[in-house]
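Visitor: I have a model open in front of me and would like to learn how to read it. Could you walk me through it, one feature at a time?

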Amino acid sequence: MSSIKLEDQTSMNDLNEIEFFLKLFPQDYDLIKKEDLVDFVGNPFTFIKSLEELNTPRTKEEGPVCECVGENTNKSLVLYFQSIINQGIELPIFINNKNQIMDGYHRVQAYHLLGREKIPYYRNKLWRNHGFCWKKGIEGRRRLRLKSW
Ligand SMILES: [Zn+2]
């Protein structure tokens with residue numbers, strides 16, 4: 001496993017933005033109807049009504065966004081995700097077998113606000129790629145790495 005990680009890191013050196021997102025989100029996913037997603041108490045997942053609901057500075061727990069995103073708000077992050085999606089790259093969310101979202105809260109809102117009824121997802125993955133930014137040098141080794149839950 002660690003040798004795979006090392007190889008990945010090396011081949012990451014000259015990726016452009018699209019290549020980076022393709023590495024981060026292999027385009028091998030399924031689709032779920034958005035009304036089938038649930039929250040952690042079993043209620044239907046709550047989608048935002050307007051992007052303005054996310055127009056607040058990100059919390060310390062959420063961490064900063066990279067400079068590509070612009071402002072350090074989730075509104076900007078969703079807009080950035082939409083710009084990637086609109087270039088034909090799907091950004092699947094990670095769900096468990098109860099249809100709860102384990103990772104991808106802002107990606108799912110990005111799809112919702114684009115008017116998508118079906119959301120790309122991966123289910124019960126044991127690992128995921130984690131990346132911060134496609135640009136060289138930002139946050140050093142955090143750029144792309146394998147992460148287990
Ligand atoms: Zn970036």
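**Reading the sheet, then the core**

Guide: Gladly, and let's begin with a pair of strands. Strand 2 and strand 3 run antiparallel and are joined by two bridges. Within that pair, Phe94 has Asp103 in strand 3 as its bridge partner. Keep in mind throughout that this is a predicted model.

Visitor: Which strands does strand 4 pair with, and do they run parallel or antiparallel?

Guide: Look at the direction of each neighbour in turn. Strand 1 and strand 4 run antiparallel, with four bridges between them; Leu31, for instance, has Pro120 in strand 4 as its bridge partner. Strand 2 and strand 4 run parallel, with three bridges, and here Ile93 is matched with Tyr121 of strand 4.

Visitor: In what order do the four strands of the open sheet lie?

Guide: Follow the pairings from one side to the other. The order is 1-4-2-3, and the pairing is mixed. Strand 1 (30-33) and strand 3 are at the edges with a single partner strand each, so each has one side without a neighbour in the sheet. From one strand to the next, the twist averages 55°.

Visitor: How should I think about the side chains on a strand?

Guide: As a general idea, side chains in a regular strand alternate between the two faces of the sheet.

Visitor: What pattern does the whole chain follow along the sequence?

Guide: Read the elements off in sequence order. You get α-α-β-α-β-β-α-β-β-β, which amounts to four helices and six strands. As for contacts with a separation of 6 or more, 59% of them are between residues 24 or more positions apart.

Visitor: Now for the inside. Which residues have the most contacts within the largest nonpolar core?

Guide: Look for buried nonpolar side chains that join up with one another. The largest such core has 17 residues, and Phe21, Phe81, Leu91, Ile93 and Ile119 have the most contacts inside it. At least two residues each come from helix 2 (17-24), helix 3 (74-85), strand 2 (93-95), helix 4 (105-113) and strand 4 (118-123). Helix 3 gives the largest share, four residues. Across the 149 residues of the chain, 19% are buried.

Visitor: Which residues of helix 3 are buried, and what do they pack against?

Guide: Pick out the buried positions, then see which elements they touch. In helix 3 they are Asn74, Lys75, Leu77, Val78, Phe81 and Ile84, and they pack against helix 2 and helix 4. Take Phe81 as a case: beyond its neighbours within four places in sequence, Phe81 contacts Leu91, His106, Arg107 and Ala110. Helix 3 itself has 12 residues and reaches 16 Å from first C-alpha to last, close to the 16 Å expected.

Visitor: What do the buried residues of helix 4 pack against?

Guide: Helix 4 buries Arg107, Val108, Gln109, Ala110 and Tyr111. The buried residues of this helix pack against helix 3, strand 2, strand 3 (101-103) and strand 4. After helix 4 comes Gly115, with a positive phi near 85°.

Visitor: One last stop. Is Pro26 buried or exposed?

Guide: Count the C-beta neighbours around it. Pro26 has 11 of them inside 10 Å and therefore counts as exposed, the cut-off being 12 or fewer. Pro26 is in the loop between helix 2 and strand 1. Pro26 and Asn129 are 103 residues apart in sequence, yet their C-alpha atoms are 9.5 Å apart in space.

Technical notes
Residues numbered from 1 in each chain as written. Predicted model: local features only at pLDDT ≥ 70, side-chain atom pairs only at ≥ 80, totals over all residues. Core = buried A, V, L, I, M, F, W, Y, C linked by C-beta atoms within 7 Å. Buried ≥ 20, exposed ≤ 12 C-beta atoms within 10 Å, placed from the backbone. Contact = placed C-beta atoms within 7 Å. Expected span 1.5 Å × (residues − 1). Pairing = 2+ DSSP bridges. Axes fitted to C-alpha atoms, helices over the stretch in contact; angles between N-to-C directions.
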